[in-house]
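This report walks through one protein model, moving from a single helix to a central strand, then to the cysteines, two unusual backbone positions and the chain as a whole.

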Amino acid sequence: MPPRTFIVNFKNYPEVMGEGSVRLAKAAAGLSWEVGIDVVVAPPTPVLYMVAATVKIPVFAQRTELGEQGKSTGHSIPESIKAAGCAGSLLNHSESRIPMDVLRLTVERMKRLGLASCACAETTEEAVEIAALDPEFLAIEPPELIGTGKAVSTARPELLTGTAEALAEAGYKGRLLCGAGIVTGKDVEAAMRLGTQGILVASSVVKAQDWPSKLRELGTAMHVGKL
């Protein structure tokens, strides 16, 4: 079984502005060595280079766009995030949705550049459609649970099992991640038992009083059900 994946989306919370992103990324890097899982961080766009130059774990952008090289003012294009040291990007997060045809072109362009994609889906049906694009990671995140403290793994477990089964039937070879409302180690344990290979979290880590402690709690729980 491949290593479990723990992606921390920093979003744009005040705790991670400027040097805050570096501090959290360092804490996440420490967890990667301590617990033996793949930890990925997704800081705000302005600090991508600073974070990527500081830590050895993969750094993802929170969004990547299809602007052209040159005349694309304000766009974070795949080539620019690669030059900043990123290993990939989140795509189609519920707070930053993009049309399916744009997502397809973005994933294809990312692959040509050797960049990984973590594409988000809100439903099982959307997850199956996205799986055909072959992103390396696919996160299932019902938007109504994001940031609520109500984990999808306990509030809607059938969504995880149904999506895992549908993706297996579709022949998806990437990793299915559980997002939306993950707060405690128990939430993570439930997600692992329901067929996912990792988690995508944000506020539960970023807004925690003790970053290393919360990272360790969630990361350690990912070993449940691992062969």
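In this predicted model, the buried residues of helix α1 are Gly20, Ser21, Val22, Leu24, Ala25, Ala27, Ala28, Ala29, Leu31, Ser32 and Val35. An α-helix has 3.6 residues a turn, so residues three or four places apart point the same way. The partners of the buried α1 residues are both strands and helices, for they pack against β1 (5-9) and β2 (38-42) as well as against α2 (48-52), α9 (203-206) and α10 (211-221). Helix α1 itself covers residues 19-35, and because 17 residues at 1.5 Å a residue should span 24 Å, the 25 Å between its end C-alpha atoms agrees with expectation. Just after the helix, Gly36 adopts a positive phi of about 80°.

Strand β5 (residues 116-121) has six of its six residues buried, so the strand is largely enclosed by the rest of the structure. The cover extends to both faces, with Ala116, Cys118 and Cys120 buried on one side and Ser117, Ala119 and Ala121 buried on the other. Strand β5 pairs in the parallel sense with β4 (residues 88-91) over four bridges, and within this pairing Leu91 stands opposite Ala119. Between these two strands the chain passes through helix α4 (residues 100-112), and this β-α-β crossover is right-handed. Strand β5 also pairs in the parallel sense with β6 (residues 137-140), again over four bridges, and here Cys120 stands opposite Ala139. Helix α5 (residues 124-131) joins β5 and β6 in a β-α-β unit that is right-handed.

How many disulfides does a search of the whole structure find? The search finds zero. Cys86 is in no disulfide, and the nearest cysteine sulfur, that of Cys118, lies 14 Å away. The sulfur of Cys120 is 5.0 Å from the closest cysteine sulfur, also in Cys118, and this is too far for a bond because a disulfide requires sulfur atoms within 2.5 Å. Cys86 counts as buried, at 6% relative accessibility, and Cys120 also counts as buried, at 2%.

Backbone angles deserve a separate look. Most residues other than glycine have a negative phi, and most peptide bonds are trans. Lys11 has a positive phi although it is not a glycine, and Asp134 likewise has a positive value in a residue other than glycine. The table sets out the two residues with their loops and accessibilities.

| Residue | Phi | Loop | Relative accessibility |
|---|---|---|---|
| Lys11 | about 50° | between β1 and α1 | 11%, buried |
| Asp134 | near 60° | between α5 and β6 | 39%, partly exposed |

Is the side of the loop residue Lys11 counted as buried or exposed? Lys11 counts as buried because its relative accessibility is 11%, under the 20% cut-off, whereas Asp134, at 39%, counts as partly exposed.

Turning to the whole, the protein chain contains ten helices and eight strands. Its radius of gyration is 16 Å, close to the 17 Å that the globule rule gives for 227 residues, so the chain is as compact as a globular protein of that length. The C-alpha atoms fill a box of roughly 45 × 40 × 30 Å along the principal axes, and 55% of the 227 residues count as buried. Among contacts between residues at least 6 apart in sequence, 66% join residues at least 24 apart.

Terms used: Residues numbered from 1 in each chain as written. Predicted model: local features only at pLDDT ≥ 70, side-chain atom pairs only at ≥ 80, totals over all residues. Heavy atoms only, no water. Buried < 20%, exposed > 50% of the residue type's maximum accessible area, 1.4 Å probe, protein only. Expected span 1.5 Å × (residues − 1). Contact = heavy atoms within 4.5 Å. Pairing = 2+ DSSP bridges. Right-handed = clockwise from strand over helix to strand, strands pointing away. Rg over C-alpha atoms; globule rule 2.2 N^0.38 Å.
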